[in-house]
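Trainee: Please show me the structure. I would like to go through its sheets and helices by question and answer.

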Amino acid sequence: MNNTTDIPILRVENLCKSYGDLHVLKNVSFEIRRGEKKVFVGPSGTGKSTLLRCINQLTVPDSGFVYLNGEEITNSGKKINEYRQKMGMVFQNFNLFDHLTAVRNIELALLKVKKMSKADAHKKAMDELERVGMADRADFYPAQLSGGQAQRVSIARALAMDPEVMLFDEPTSALDPELKREVMEVMRKLAEGGMTCIVVTHEMKFATSFATEILLMEKGEIVERGNPADIPTSPNFVRTREFMGSYVEE
């Protein structure tokens with residue numbers, strides 16, 4: 001299903017971030033249109049997760065700009081909370097509240113941020129749990145869930161805010177292989193439904209089958225980018241093929 005348009009929903013220009021002498025991001029630029037799936041791959045410690053955190057301003061970049069629907073969101077002060085509602089963030093370690101059930105984890109932001117009524121928040125939360133196949137675990141606490149189930153709840157929580165783009169920061173890295181598959185299947189269904197996605201992952205088979213574009217980062221820079229179908233055969237993707245190794249050869 002291709003719901004892309006010519007207008008970027010998110011645009012990143014010359015984003016830089018350093019910690020002392022360590023340059024984590026070096027003039028990173030890219031844009032994404034509705035319905036596209038951009039997947040960032042590369043060695044650990046090369047700035048991929050920092051890039052996502054700078055996009056939604058959880059980490060403040062040193063320089064550069066982020067635009068959402070044409071509006072600059074860098075240095076936006078308190079208004080950043082409005083923009084964050086439009087950018088669902090899924091972390092590798094779930095970030096659920098341990099003392100709240102699955103449904104209450106989702107209801108909380110709907111009540112506090114969107115100011116929904118309790119009845120409307122509950123219905124919305126249950127709808128999103130159903131969407132990720134977790135409605136039957138609504139009253140379970142995070143400790144009672146598997147890692148894959150907890151991650152699906154965290155995806156439902158992000159979806160409940162009706163985001164325009166989803167940011168996934170290594171969403172399967174803490175999971176066993178079987179649990180990874182159930183989370184990746186949820187992500188595929190979201191993409192098939194037209195959700196715009198930016199994904200950081202080390203799951204190379206998933207990256208090549210999911211992405212509309214793969215971007216290889218190394219030492220804080222995007223060093224190669226392109227259609228995953230072109231990577232095995234095009235001489236422009238030598239470094240990407242080296243990194244992805246046998247995953248793209250199978």
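The turns below go through the sheets, the helices and one loop residue.

Trainee: What kind of model is this, and how are its residues numbered?
Mentor: This is a predicted model, in which local features need pLDDT of at least 70, side-chain atom pairs count only at pLDDT 80 or more, and totals for chains, interfaces and linings use all residues. Side-chain values use heavy atoms, with hydrogens and water left out, and residues are numbered from 1 along each chain as its sequence is written.

Trainee: In what order do the strands of the six-strand sheet stand?
Mentor: Helices (H or I, at least four residues) and strands (E, at least two) are DSSP runs, numbered from the N terminus. Two strands pair if DSSP finds at least two bridges between them. The six-strand sheet is open and its pairing is mixed, with the order β6-β7-β8-β3-β9-β10.

Trainee: Which are the edge strands of that sheet?
Mentor: From one strand to the next, the twist averages 20°. An edge strand here pairs on one side only, and this holds for β6 and β10 (221–226).

Trainee: Is β7 buried or exposed?
Mentor: Buried means under 20% relative accessible area, exposed over 50%, and partly exposed in between (1.4 Å probe, protein chains only). One side of β7 has V165, L167 and D169, the other has M166 and F168, and all are buried. Five of the five residues of β7 (165–169) are therefore counted as buried.

Trainee: Which residue of β8 stands opposite F168?
Mentor: β7 is joined to β6 (residues 87–90) by four bridges, and the two run parallel; there G88 stands opposite M166. β7 is also joined to β8 (residues 196–200), by five bridges and again in parallel. In β8, the residue opposite F168 is V199.

Trainee: Why is β8 largely enclosed by the rest of the structure?
Mentor: On one side of β8 are T196, I198 and V200, on the other C197 and V199, and all are buried. β8 is largely enclosed because the buried residues number five of five.

Trainee: What is the bridge partner of F40 in β9?
Mentor: β3 (residues 37–41) pairs with β8 in the parallel sense over four bridges, and F40 stands opposite V200 there. Four bridges also join β3 to β9 (residues 213–218), which run parallel. In β9, the partner of F40 is L215.

Trainee: Why do β2 and β5 each have one side without a neighbour in the sheet?
Mentor: They belong to an open sheet of four strands, β2-β1-β4-β5, with antiparallel pairing. β2 (22–33) and β5 (71–72) stand at the edges, so each has a single partner strand.

Trainee: Which residue of β2 is the bridge partner of V12?
Mentor: β1 (residues 8–19) and β2 are antiparallel and pair over eight bridges. The partner of V12 in β2 is F30.

Trainee: How is α5 placed relative to α6: roughly parallel or roughly antiparallel?
Mentor: Axes are lines fitted to C-alpha atoms, for helices over the stretch in contact, and angles run from 0 to 180 degrees between N-to-C directions. The axes of α5 and α6 (residues 177–192) come within 8 Å and cross at roughly 20°. Angles under 35 degrees count as roughly parallel, over 145 as roughly antiparallel, 65 to 115 as roughly perpendicular and the rest as oblique. The two helices are therefore roughly parallel.

Trainee: At roughly what angle do α4 and α5 cross?
Mentor: The crossing is right-handed (the near helix is turned clockwise from the far one by less than a right angle; anticlockwise would be left-handed). Contact, meaning heavy atoms within 4.5 Å, is made by E128, L129 and R131 of α4 and V153, A156 and L159 of α5. The axes of α4 (residues 118–131) and α5 (residues 147–159) come within 9 Å and cross at roughly 130°.

Trainee: Is T59 buried or exposed?
Mentor: T59 lies in the loop between α1 (48–55) and β4 (63–68). Not counting residues up to four places away in sequence, T59 touches K17, Y19, R53 and C54. Its relative accessibility is 11%, so T59 counts as buried.
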